[in-house]
Amino acid sequence: MPSKNCPPSRRNMPSTKNMMYVTDLLNKSKPIIMGRWKAVVKVFVIGSNGEPVNNVKVEGSFTDAKGKSKTKTKTTNALGRCTLTLTNLKSEWSYGTDGISNSLFQLTNLTSNNADYDPSQNVM
């Protein structure tokens, strides 16, 4: 039987970190020049206390219509915001009626030393 004076196992201790989640993803993609375009997603992260969470590593992947994927990572600023960008994508008429290639963005992870990510709380 363990002694009553032994500290509890760290594995059994509840997290004392704030929880964080994404409140908004904004698509700001746009054509650039000469049949090229830029995929842009703005991400907003807040904590369970309602305050922006800074220094969060935001990771997401862009996948084009051909299934090619590229992961991008940025860190949130003091306002809990960051922008992930994939540039110089080729426009191809066969992908869409507007001449801009399709791209799917998927938020893959948020990491922080000060908060745990709870994707079930995302508001989008």
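## A guided tour, starting at T63

Select T63 and look across to β7, where L104 stands opposite T63. This is a predicted model, so treat the tour as a walk through a prediction.

Now colour β4 (57-64) and β7 (103-111). The two strands run antiparallel and are joined by eight bridges. Add β5 (69-75) to the view: together the strands make an open sheet of three, in the order β5-β4-β7, with antiparallel pairing. β5 and β7 stand at the edges with a single partner strand each, so one side of each has no neighbour in the sheet. From one strand to the next, the twist averages 20°.

Next, follow the chain out of β5 into the loop that leads to β6 (81-90), and select T76 there. Is T76 buried or exposed? T76 counts as buried, because its relative accessibility is 3%. Show its side chain, which reaches the backbone oxygen of V53 at 2.9 Å. Leaving aside residues up to four places away in sequence, T76 also touches others, including V45, N54, V58 and C82.

Let V45 be your next stop. Besides T76, its contacts beyond four places in sequence include M20, Y21, P52 and L110.

V45 also takes you into the largest nonpolar core, which has 20 residues. Select M20, V43, V45, V58 and L110: these touch the most other members. Elements giving two or more residues to this core include β1 (18-27), β4, β6 and β8 (115-117). Which element gives the largest share? That is β3, with five residues.

Technical notes. Residues numbered from 1 in each chain as written. Predicted model: local features only at pLDDT ≥ 70, side-chain atom pairs only at ≥ 80, totals over all residues. Heavy atoms only, no water. Helix = DSSP H or I, 4+ residues; strand = E, 2+ residues; numbered from the N terminus. Buried < 20%, exposed > 50% of the residue type's maximum accessible area, 1.4 Å probe, protein only. Polar contact = N/O pair within 3.5 Å; in protein donor to acceptor, adjacent residues only side chain to side chain. Contact = heavy atoms within 4.5 Å. Core = buried A, V, L, I, M, F, W, Y, C linked by side-chain atoms within 4.5 Å. Pairing = 2+ DSSP bridges. Axes fitted to C-alpha atoms, helices over the stretch in contact; angles between N-to-C directions.
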